[in-house]
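Work through the following exercises with the sequence and the model open side by side. Each task is followed by a solution that goes step by step.

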Amino acid sequence: ENLFMRGAAAQFTLKPFSVYAWVSRKMLDANVQAGDSMNTEEFVITSLQESGLHNTQSTIVDKDQISEFVTGARIEATIRRVKLGTTGYYTRFGQSIAPGDQLYEYYNFSGNENLNVGLDYSWIIKNANFFGEAGISKSGGKAFINGVMLSPDRLFTISVLHRYLEPDYHVFYAAALQEGSTLKNEHGLYLGDELKFSRKWRFNSYVDLFSFPWLKYGVDAPTNGIEMLAQVNFRPTKRAEFYGRFRQENKEMSVTQEHISVLEPTIKRSYRINASFPISESFTLKSRAEYLTYQEGDGDQRDGFLIYQDINFRKPGSKLDFSVRYALFDTDTYDERIYAYENDVLYGYSIPGLYSKGSRMYLLVRWSATRHLDFWARIAHTNYVNKDVVGSGLEEIQGPSKTELKVQMRLTF
């Protein structure tokens with residue numbers, strides 16, 4: 001909800017240069033807390049809220065508590081197969097964000113100002129594309145990403161990406177291929193490939209080695225890990241596709257043994273079969289079955305599964321289209337949760353992690369009333385067979401089920 005800009009932007013091009021500039025100001029949802037001063041009415045921000053929901057008393061209080069001002073510019077030049085660019089932007093919040101009081105939050109952003117400056121490049125030479133970026137924030141924290149995509153043959157592609165993100169690097173509008181949820185505190189090396197056996201068959205795989213040089217939430221020491229994936233795709237027609245996938249992730253987590261926090265290795269493996277195929281010009285079916293196992297150290301292996309069936313309707317020239325899903329899931333604990341992407345309203349997204357035992361269904365309908373007026377409606381219902389209460393705290397629901405409803409209208413002119 002918070003990761004967007006509201007303001008104005010401009011672009012100017014005089015070959016080989018292009019110049020971009022932007023300015024944005026908006027209000028953000030945030031948790032507010034009284035400051036430590038005894039003589040002034042000071043308030044600080046303890047955290048920013050990104051859900052966009054205002055469905056409890058606390059989230060209503062958090063609404064529009066802090067202003068955010070962002071301005072920046074970018075200059076890039078393209079000369080034959082080389083592109084060079086530099087970007088800088090300044091961020092100012094209306095109130096200070098307080099430093100965290102936990103050890104893992106030691107390098108978190110605090111204060112009310114940040115400045116980011118970066119350099120990036122892309123160079124295409126024969127069958128190779130070299131690319132990368134270097135950035136620094138006001139704190140002095142640095143980030144480096146460099147990679148290459150190489151095609152030694154038209155049927156075979158190799159990708160290599162190295163990332164070095166320092167724990168005290170702070171940025172609010174950026175994304176990269178990484179294991180963590182925030183762009184900092186991570187070193188990693190990604191190796192991927194794609195092999196096309198024919199026009200119908202394709203094989204993809206990757207290995208991602210990563211480490212976290214500083215602590216993370218729930219992990220009381222620097223850790224290492226590895227993620228591996230292998231997938232075979234079969235596409236008999238333009239609209240039909242089948243694939244099988246195996247993925248394994250090895251990470252370290254903190255556990256308490258005799259009142260001492262120690263690191264314990266975990267292994268998560270998932271097996272997936274997915275099919276998508278049309279049954280007519282307007283209807284497409286999508287089916288998936290996924291099985292997941294999880295093990296901590298020498299403990300017992302736990303598991304879970306998910307199966308679902310989608311029916312999608314989209315007829316060329318029709319003003320109405322819809323998507324419907326019915327899913328069944330069963331996992332031993334929350335650690336075996338299985339994520340599944342769901343279609344949502346415009347600019348919305350839904351990737352719920354399904355765990356425990358139950359079923360979930362949703363229906364999404366889009367109606368193009370006129371050339372300039374569109375409506376979306378989405379209802380999702382989750383039912384648990386082994387729960388009497390869903391959620392906790394102020395979001396607790398008495399009963400074994402939960403229903404979500406979204407309605408959206410878009411008017412263009």
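**Exercise 1. Identify the residues of the largest nonpolar core and the strands that each supply at least two of them.**

Solution. Begin with the criterion: a nonpolar core is a set of buried Ala, Val, Leu, Ile, Met, Phe, Trp, Tyr and Cys residues joined through side-chain atoms within 4.5 Å, where buried means under 20% relative accessible area, exposed means over 50%, and partly exposed lies in between (1.4 Å probe, protein chains only). The largest such core has 11 residues, namely Leu 292, Tyr 294, Leu 306, Tyr 308, Ala 327, Phe 329, Ile 338, Ala 340, Leu 354, Tyr 384 and Val 390. Next, assign the strands, which are DSSP runs (E, at least two residues; helices are H or I, at least four) numbered from the N terminus. Strand 16 (283-296), strand 17 (302-314) and strand 18 (320-331) each contribute at least two residues to this core.

Before going on, note that the model is predicted, with local features requiring pLDDT of at least 70 and side-chain atom pairs counting only at pLDDT 80 or more, while totals for chains, interfaces and linings use all residues. Residues are numbered from 1 along each chain as its sequence is written, and side-chain values use heavy atoms, with hydrogens and water left out.

**Exercise 2. Describe how strand 16 pairs with strand 15 and with strand 17.**

Solution. Two strands pair if DSSP finds at least two bridges between them. On one side, strand 15 (residues 260-278) runs antiparallel to strand 16 and is joined to it by 13 bridges; the hairpin connecting these two strands passes through four residues, and Phe 277 has Leu 285 of strand 16 as its bridge partner. Turning to strand 17, its pairing with strand 16 is also antiparallel and extends over 12 bridges. Here the hairpin has five residues between the strands, and Gly 297 in the turn has a positive phi of about 55°. Tyr 294, which belongs to the core of the previous exercise, stands opposite Arg 302 in strand 17. As a last step, list the contacts of Tyr 294 (heavy atoms within 4.5 Å): leaving aside neighbours within four places in sequence, they are Thr 266, Ile 267, Lys 268, Asp 300, Gln 301, Arg 302, Asp 335 and Glu 336.

**Exercise 3. Classify the ring pairs Tyr 106 with Trp 214 and Phe 329 with Tyr 384, and state which parts of the chain each pair ties together.**

Solution. Rings of Phe, Tyr and Trp (its six-membered ring) pair if their centres lie within 6.5 Å, and planes under 30 degrees apart count as stacked, over 60 as edge-to-face and the rest as tilted. By this criterion the structure holds 23 aromatic pairs. For Tyr 106 and Trp 214, the centres are 6.2 Å apart and the planes lie at 50°, so this pair is tilted. Tyr 106 is in the loop between strand 6 (82-97) and strand 7 (111-125), whereas Trp 214 is in the loop between strand 12 (201-212) and strand 13 (223-234), so the pair ties together parts that are 108 residues apart in sequence. Tyr 106 is exposed at 59% relative accessible area, while Trp 214 is partly exposed at 21%.

For Phe 329 and Tyr 384, the centres are 6.0 Å apart and the planes lie at 75°, so this pair is edge-to-face. Phe 329 lies in strand 18 and Tyr 384 in strand 22 (residues 373-384), so parts that are 55 residues apart in sequence are tied together. Phe 329 is buried at 2% relative accessibility, and Tyr 384 is buried at 13%.

**Exercise 4. Which charged residues sit over the rings of Tyr 308 and Tyr 384?**

Solution. The test requires NZ of Lys or CZ of Arg within 6 Å of the ring centre and within 35 degrees of the ring normal. The charged end of Arg 325 sits over the ring of Tyr 308, at 3.7 Å from its centre. Over the face of Tyr 384 lies Lys 387, 4.4 Å from the ring centre.

**Exercise 5. Characterise the surroundings of Asn 114.**

Solution. Asn 114 is located in strand 7 and is buried, at 1% relative accessibility. Its side chain makes a polar contact of 3.0 Å with that of Asn 116; such a contact is a pair of N or O atoms within 3.5 Å, and within protein one must be able to donate a hydrogen and the other to accept it, with residues adjacent in sequence counting only if both atoms are side-chain atoms. Beyond neighbours within four places in sequence, the contacts of Asn 114 include Tyr 89, Phe 109, Ser 137 and His 170.
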